[in-house]
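Reader: I have a structure open and want to learn how to read it. Can you take me through the features one by one?

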Amino acid sequence: MTGELSPIDKAKFAAAKRATAFVESGMKVGLGTGSTAAWMVRCLGERVRDEGLRIKGVPTSTRTADLAREVGIEVISLDEARWLDLTIDGADEFDADLNLIKGGGGAHLQEKIVATASDRMIVIADPAKEVAHLGAFPLPVEVIPFGWKATRTLVEEALEGMDVLGRETALRMNGEAPFVTDEGNHILDLHLKRIGNPRQLSLVLNQIPGLVENGLFIDICDVVVIGHGDGRVEIR
Ligand code: 5RP
């Protein structure tokens, strides 16, 4: 499955493989999105095939749903599952309190819904994702297309009163057209550089009409599994 991997992919694979050890037969598992989560889905598929692991997976994007089916994982919707034992997902940044920035892949809305409907969220990451302060990675916020420019103005006004170092906002593009999420929405990337109070920022942003969800995951992640290029794994 791994072939010749770069050190970063070895690190992602090591984290993903270790995290799948938390999965037991009979579990309903949230399946995250992104390159690290894709390794986790492949590792779970291998266990389904080789060990007869019986799980039901709830994907957080159409990309992950397609991959999960391809590797033989039974896919169900969150409505069918209602509640999950575990979600395993990647992250763009995590801090010492295990708060996260997610949404680099544009899937943070479904990812947050799935993670908060789970008994436990395990994040899988390479060491570059660990930060002293969240915010170097642009914070994604999902906005509905209707009136998105007005929503952006409200976001920029809200940022004026926030403890952040940068205040640039950018509509995420896919070539010449705005990026469209699985829910049919757009993404604004907020270039904040450093977020002084992530909890307050998350609450303020989610008050804005037209803003569906921001990419800050506060008090949602329980465990971070960090993989290294030499195959070592740390658990926080
Ligand atoms: C997608 C996400 C991803 O988990 C995050 O972007 C990390 O991706 P990768 O594992 O490819 O670095 O939040 O919305």
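Author: We will go through sheets, burial, the ligand shell and a few backbone angles. Keep in mind that this is a predicted model.

Reader: Start with the sheets. In what order do the seven strands of the open sheet stand?

Author: The general idea comes before the case. Strands of a sheet pair through backbone hydrogen bonds, either parallel or antiparallel. Here the order is β3-β2-β1-β4-β7-β15-β16, and the pairing is mixed.

Reader: Which strands stand at the edges of that sheet?

Author: They are β3 (74-75) and β16 (233-235). Each has a single partner strand, so one side of each is left without a neighbour in the sheet.

Reader: Take one pair. How many bridges join β1 to β2?

Author: Four bridges join β1, residues 28-31, to β2, residues 56-59. The two strands run parallel. To find the register, look at Lys28: its bridge partner in β2 is Lys56.

Reader: And how do β1 and β4 pair, parallel or antiparallel?

Author: They pair in the parallel sense, over three bridges. For the register, Leu31 has Ile88 as its bridge partner in β4. On to the next pair: β4 is joined to β7 (residues 121-125) by three bridges, again running parallel. There, Thr87 stands opposite Met121.

Reader: Which residues of β4 are buried on its two sides?

Author: In a regular strand the side chains alternate between the two faces of the sheet. In β4, residues 86-89, Leu86 and Ile88 are on one side, with Thr87 and Asp89 on the other. All four are buried, and both faces of the strand are covered.

Reader: What is the strand order in the open sheet of three strands?

Author: The order is β5-β6-β14, with antiparallel pairing. The edge strands, β5 (93-94) and β14 (216-217), each pair on one side only. Two bridges join β5 to β6, residues 100-101. Within that pair, Phe94 has Leu100 as its bridge partner.

Reader: Now a helix against a sheet. Which strands does α3 lie across?

Author: Helix α3, residues 62-70, lies across β1, β2 and β3. Its direction is at about 155 degrees to β2. Ala68 is a good residue to inspect in this helix.

Reader: Is Ala68 buried or exposed?

Author: Count the C-beta atoms around the residue; 20 or more within 10 Å means buried. Ala68 has 24 such neighbours, so it counts as buried. Setting aside residues within four places in sequence, Ala68 is in contact with Leu31, Val41, Gly57, Pro59, Ile73 and Val75. Thr20 gives another landmark: it is 48 residues from Ala68 in sequence and 14 Å away in space, C-alpha to C-alpha.

Reader: Let me turn to the ligand. How many residues surround the ligand?

Author: There are 18, and the closest are Gly34, Thr36, Gly90, Gly104 and Gly105. By class, the shell has three nonpolar, eleven polar and four charged residues.

Reader: Which helices each supply at least two residues of that shell?

Author: They are α2 (35-51) and α5 (108-116). The largest share, three residues, comes from α2.

Reader: How many of the nine residues of α5 are buried?

Author: Seven are, and the helix is mostly covered. The buried residues are His108, Leu109, Gln110, Glu111, Lys112, Val114 and Ala115.

Reader: What does the UniProt annotation say about Glu111?

Author: An unreviewed UniProt entry annotates Glu111 as "active site". Such annotations may be inferred rather than shown by experiment. In the model, Glu111 has 32 other C-beta atoms within 10 Å, so it is buried. Not counting residues up to four places away in sequence, Glu111 touches Gly32, Thr33, Thr60, Asp89 and Lys102.

Reader: Last topic: backbone angles. What is the phi of Lys193?

Author: It is near 65 degrees, a positive value in a residue other than glycine. Lys193 is in the loop between β12 (186-191) and α7 (198-205). It has 15 C-beta neighbours inside 10 Å, so it counts as partly exposed.

Reader: And where is Asp219 found?

Author: Asp219 is in the loop between β14 and β15 (223-227). It is not a glycine, yet its phi is positive, about 60 degrees. With 10 other C-beta atoms within 10 Å, Asp219 is exposed.

Conventions
Residues are numbered from 1 along each chain as its sequence is written. This is a predicted model: local features need pLDDT of at least 70, side-chain atom pairs count only at pLDDT 80 or more; totals for chains, interfaces and linings use all residues. A residue is near a molecule or strand if its C-beta atom, placed from the backbone, lies within 6 Å of it. Ala, Val, Leu, Ile, Met, Phe, Trp, Tyr, Cys and Pro count as nonpolar, Asp, Glu, Lys and Arg as charged, and the others, Gly among them, as polar. Two strands pair if DSSP finds at least two bridges between them. Two residues are in contact if their C-beta atoms, placed from the backbone, lie within 7 Å. Axes are lines fitted to C-alpha atoms, for helices over the stretch in contact, and angles run from 0 to 180 degrees between N-to-C directions. A residue is buried if 20 or more other C-beta atoms lie within 10 Å of its own, exposed if 12 or fewer, and partly exposed in between; C-beta atoms are placed from the backbone.
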